[in-house]
Amino acid sequence: MSVYLHDIPLSQAQSRLRQALQDADLWRVLGTEDILLDENALGRITAEPIWAEISSPHYHASAMDGFAVRAVATSGAMPSAPVALYIGPEAQYVDTGDPLPEWANAVIPIENVESLDENDQITKDIRKPRSIRIRAAVAPWSHVRPLGEDIVATQLVLPAGHSLRPADLGAIAASGHQTIKVARKPKVAILPTGTELVPIGSKLKSGDILEYNSLVMAAQVKAMGGEPTRYPITKDDFNLICERVREAAQTHDLVLLNAGSSAGAEDFSSRVVEKLGTLLVHGVAVRPGHPVILGTVDRGPKTDTVHRPSSVVPIIGVPGYPVSAALTVDIFAEPVLAKWLGRRPLELPTETATLTRKLVSPAGDDDYVRVAVGKVGGKLLAAPLSRGAGVITSLVQADGLALLPSGVQGMDAGEQVKVHLYRSRAEIDRTIFCIGSHDLTLDLMAQFLAEHERRLASANVGSQGGLVALRRGEAHLAGSHLLNPETGEYNISYIRQYMPNIPVKVVALVGRDQGLMVRKGNPKGIKALGDLTKPEVQFVNRQRGAGTRVLLDYHLNLMGMSPDSILGYTQEEYTHLGVASAVASGRADCGLGIAAAAQALKLDFVPLFQERYDLVIPKEHAESDLLAPLFELLADSGFQDSVSKLPGYDILVMGKIILED
């Protein structure tokens, strides 16, 4: 039986919250305020329609520097039969924006007239002639901005519920307003809880967790148009949390109570809501974000001057994992803030993309999957990223969210999936999609390519996985370092095996050291592969298909060592940094990887082998404009210098053509 009160569908949870807000008269614009019309109005939401009080322009204005005339007086003017008009009764000089004389209905640009002196000779004082000579007639209202051309008094300038843009501010000013009535910004209290939490900047010890969820959520609220307040960390104490929620409810429109929403012994959020108000939902069939809490709490005595329409305040118990927290705010808080501000909920552009690998999903949950998105050969692709609810970097790297709706137990590679895009299609069209082996130089490459209007998006699936992705047309290139144990050559035999009949260009990126990453001081005295069989040594491996795993197996075979003799051989990580992290955290004593990853996590490194890391690129992409900056980069001294500063890298091979079909 579930430890949650009810594990209900997402739509039902949203409906319960909406109904509670309607019952409390809170499903509407919370309030309005008049603000000055200045640059600080940018992004505010109009609370009522804005009607023009004056016309713009409010007179007939010249659109050019020239001479105001009666159009009829120019009739018959031709190059061979010019017409002369005298200044005063027949023509008057005007600058752009000047009002026309009441008798005029057209303007002749100054470059189209001949300015004459009292002797009917061309004068240099072109703006103060005695008369002008013209050689073409003009139509009525030529080069004139008539009264109300832009705005007519009483017309609708902007509707209610409109988010103000820079140009909107100009239109409001032009229509005669000095102030604007806008929706009041909802005040949102963000309460982080947890004894293990410490503020940003703290010196960390084992068991400490940096509290940055409140920072992310406050930024989300601000971007949504709200006014966030970040409260200090409250330790795991039921009474203290109750006190802090009471305090926040008195002066805020919404409370976000972070952490303490699951079923642990010290997860107090649901009990707090039950004590202070009404618990509506505890547990929603959505991942990540499963243990969401929705409810209302009593406001208590009023302690500020802001008018609030209700005696209750909605509260959302936000899960503690960073990805869950961010998505919970998007899913539950954003629609509420949109209603309070009188605008439409934010809608991300949606595209249909092809999945690059299989996804498994709980059948009863709406599953939000972070994906990298790229366009390869005219096909839009979505590569799933890490699905851990605590992996905040997966949101940073994500180009969009793929939704696997409730009832779908998963999707196979090659199936079509709806993706809500975080990036524009223009950005995605400039994206170089890399799937394959992980290497730190790819991160450097991404930075350098950004300076050349290219974006590198990568998904780490191992060398073999990268070649398979290229065969299926799911990437522009793949990083690979697969050693052929029979020939000692890298990659070529595997390319022929996994990519038959596909012309490729293989370019060496770097030579690099592979070795054993161990904790500082090497407490287990690990100096060679043979030490992995010691019963006290816990190893961590790379995933099947990774070039590092192939390299390990090759040398184990040479030494006559059975993988079964190594404790942890089946424990897998997908990147060099993942292996280094496992060692640094104590989950393992050592793992095979590159020197740069060991240095990044302050580990010792026992060098064992040298290998070549290549970029495998189908010929059709290698010859495309999209990848041209990548090849330029391989010869760039700045990029080469940056790579050479990483430990364990040799750049002598960089840019060398290994194979070209």
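This briefing goes through one protein chain, from its overall build to a few individual residues.

The structure is a predicted model, and the chain has 17 helices and 38 strands. A compact globule of 661 residues would have a radius of gyration near 26 Å, whereas this chain has 34 Å. Along the principal axes, the C-alpha atoms fill a box of roughly 110 × 75 × 45 Å.

**The chain as a whole**

- Buried residues make up 50% of the 661 residues in the chain, and the accessible surface comes to about 29600 Å², with 51% of that surface belonging to carbon and sulfur atoms.
- Among the contacts with a separation of 6 or more, 75% are between residues that stand 24 or more positions apart in the chain.
- The chain carries 64 positive and 76 negative charges, and the mean positions of these two sets are 4 Å apart.

**Salt bridges**

- The count of salt bridges comes to 34, and one of them joins the side chains of arginine 287 and aspartate 365, with a distance of 2.4 Å from N to O.
- This pair links distant parts of the chain, since arginine 287 belongs to strand β19 (residues 286–287) while aspartate 365 sits in the loop between β23 (359–360) and β24 (366–376), 78 residues apart.
- The two partners differ in their exposure: arginine 287 is partly exposed, with a relative accessible area of 35%, whereas aspartate 365 counts as buried at 5%.
- Arginine 612 forms a salt bridge with glutamate 489, and the closest N and O atoms of the two are 3.1 Å apart.
- Arginine 612 lies in strand β36 (residues 604–618) and glutamate 489 in the loop between β31 (478–480) and α11 (492–498), so this salt bridge ties together parts that are 123 residues apart in sequence.
- Within this pair, arginine 612 counts as buried at 16% relative accessibility, while glutamate 489 is partly exposed at 30%.
- Aspartate 589 forms a salt bridge with arginine 519, and here the closest N and O atoms are 2.6 Å apart.
- Aspartate 589 lies in the loop between α13 (576–584) and β35 (590–594), and arginine 519 in the loop between β32 (504–518) and β33 (539–542), so the pair ties together parts that are 70 residues apart in sequence.
- Aspartate 589 is buried, with a relative accessible area of 9%, whereas arginine 519 is partly exposed, with 29%.
- Glu351, Lys375, Arg425 and Asp429 are joined into one network by salt bridges that share partners.

**Helix α10 and its surroundings**

- In helix α10 (residues 463–471), the residues Ser463, Gly466, Leu467, Val468, Ala469 and Leu470 are buried.
- These buried residues of α10 pack against β29 (431–436), β31, α11, α12 (547–559) and β36.
- Just after α10, glycine 473 takes a positive phi of about 70 degrees.

**Two loop residues and their contacts**

- Threonine 356 has its place in the loop between β22 (350–355) and β23, and it counts as buried at 7% relative accessibility.
- Leaving aside neighbours within four places in sequence, threonine 356 is in contact with several residues, including Leu381, Pro384, Phe433, Arg472 and Glu474.
- Proline 362 is found in the loop between β23 and β24, and it is partly exposed, with a relative accessible area of 31%.
- Not counting residues up to four places away in sequence, proline 362 touches Arg287, Asp367 and Val408.
- The C-alpha atoms of proline 362 and glutamine 92 are separated by 79 Å, and these residues are 270 residues apart along the chain.

**Backbone details**

- Most residues other than glycine have a negative phi, and most peptide bonds are trans.
- The peptide bond from serine 56 to proline 57 is cis, with omega near -10 degrees, and proline 57 is placed in the loop between β2 (50–51) and β3 (61–62).
- A cis peptide bond also joins arginine 287 and proline 288, with omega about -10 degrees, and proline 288 lies in the loop between β19 and β20 (293–298).
- Asparagine 491, although not a glycine, has a positive phi of about 75 degrees; asparagine 491 lies in the loop between β31 and α11 and is buried, with a relative accessible area of 0%.
- Asparagine 501, which is not a glycine either, has a positive phi of about 65 degrees; asparagine 501 has its place in the loop between α11 and β32 and is exposed, with a relative accessible area of 80%.

Notes
Residues are numbered from 1 along each chain as its sequence is written. Side-chain values use heavy atoms; hydrogens and water are left out. Helices (H or I, at least four residues) and strands (E, at least two) are DSSP runs, numbered from the N terminus. The radius of gyration is taken over C-alpha atoms; the globule rule is 2.2 Å times the number of residues to the power 0.38. Buried means under 20% relative accessible area, exposed over 50%, partly exposed in between (1.4 Å probe, protein chains only). Contact means heavy atoms within 4.5 Å. Accessible areas come from the Shrake-Rupley method with a 1.4 Å probe; for residues, only the protein chains shown count as cover. Lys and Arg count as positive and Asp and Glu as negative; His and the chain ends are not counted. The place of a charge is taken as NZ of Lys, CZ of Arg, CG of Asp or CD of Glu. A salt bridge is a side-chain nitrogen of Lys or Arg within 4 Å of a carboxyl oxygen of Asp or Glu.
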